[in-house]
Amino acid sequence: MKAVVIGASGIIGSAVARAFEEAGHEVLRASRRGEVQVDIADSASIRAMYDTLGTVDAVVCCAGEGTFAKLGDLSDEQIQFTLSSKLMGQVNLVREGMDRLADGGVFVLTSGMFSYNPIPGVPALAMANGGIESFGRGAALDLPRGLRIGTICPPFITETAEKMGMSTSGTLSAADNAEYYLRFVEGDDTGVVVYSGR
Ligand SMILES: NC(=O)c1ccc[n+]([C@@H]2O[C@H](COP(=O)([O-])OP(=O)(O)OC[C@H]3O[C@@H](n4cnc5c(N)ncnc54)[C@H](OP(=O)(O)O)[C@@H]3O)[C@@H](O)[C@H]2O)c1
């Protein structure tokens, strides 16, 4: 399978790219500064990426940014930034890619634990994560040619906790998280949210 992993230089995406390669899949690594360049917050950039890649079997998105800020401090710009990158970036990867993926191809999106277990200061990210998960459930019903879609909802990742100097208790390693992406892509489910580590 030929897969493009977007966010492949990140903590989650680099482990996903590695797991896919170890399983024998061809991996194209994409990000704003990657070997394949794309900014998912910009639809023209997404179209240019698909033009460069040609037909692929899997689009795996492990990218998308959002703002950490308490509800009363959130600006319009911060909300828009979160929606444009984390939510609409992934939605537009599917909209722009649905006529370009190989028959039976698969989209994998990434949400995160704030959709079901928020902490103070994450309402924008919680909204985006919930939106991604609901979009995937709905989009699955409309995708043509046997295309599938699923959302992986990772918990707090061990390497991220370490990088932030936080406790790693209850976290999931990036490598173990990546196995959920691989299992979904190699399976036959669609329209699901996969809670990795649960
Ligand atoms: N780490 C966690 O604990 C955790 C838990 C749950 C959910 N998540 C979610 O999982 C995703 C990845 O997290 P991570 O921790 O792996 O992040 P990360 O280490 O900061 O890596 C982010 C990756 O995405 C790329 N990227 C960022 N914005 C982009 C854009 N607009 N267009 C294209 N590529 C972009 C980055 O590369 P460039 O800078 O070159 O673009 C990088 O490759 C995020 O959406 C995050 O919210 C993370």
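Where does the ligand sit? The ligand occupies the largest pocket, a pocket being an open set of points on a 1 Å grid over the protein atoms alone, with protein on both sides within 12 Å along at least five of seven lines, and a molecule sits there if more than half of its atoms lie within 2 Å of the grid points. The model is predicted, so that local features need pLDDT of at least 70 and side-chain atom pairs count only at pLDDT 80 or more, while totals for chains, interfaces and linings use all residues. Residues are numbered from 1 along each chain as its sequence is written, and side-chain values use heavy atoms, with hydrogens and water left out.

Around the ligand there are 26 residues, of which Ser 9, Arg 32, Arg 33, Gly 64 and Thr 160 come nearest, where being near requires a heavy atom within 4 Å. By class, this shell has 12 nonpolar, 9 polar and 5 charged residues, with Gly counted as polar.

Turning to polar atoms (N or O pairs within 3.5 Å), an oxygen atom of the ligand is 3.1 Å from a polar backbone atom of Gly 10, and a backbone N or O atom of Ile 11 lies 2.9 Å from a ligand oxygen atom. A ligand nitrogen atom is 2.8 Å from a side-chain N or O atom of Thr 160. Taken alone, the ligand exposes 880 Å², and the protein buries 84% of that, by the Shrake-Rupley method with a 1.4 Å probe.

Technical notes
A polar contact is a pair of N or O atoms within 3.5 Å; within protein, one must be able to donate a hydrogen and the other to accept it, and residues adjacent in sequence count only if both atoms are side-chain atoms. On a 1 Å grid over the protein atoms alone, a cavity is a set of points where a 1.4 Å probe fits but cannot get out, and a pocket is an open set with protein on both sides within 12 Å along at least five of seven lines; lining residues have an atom within 4 Å of a point.
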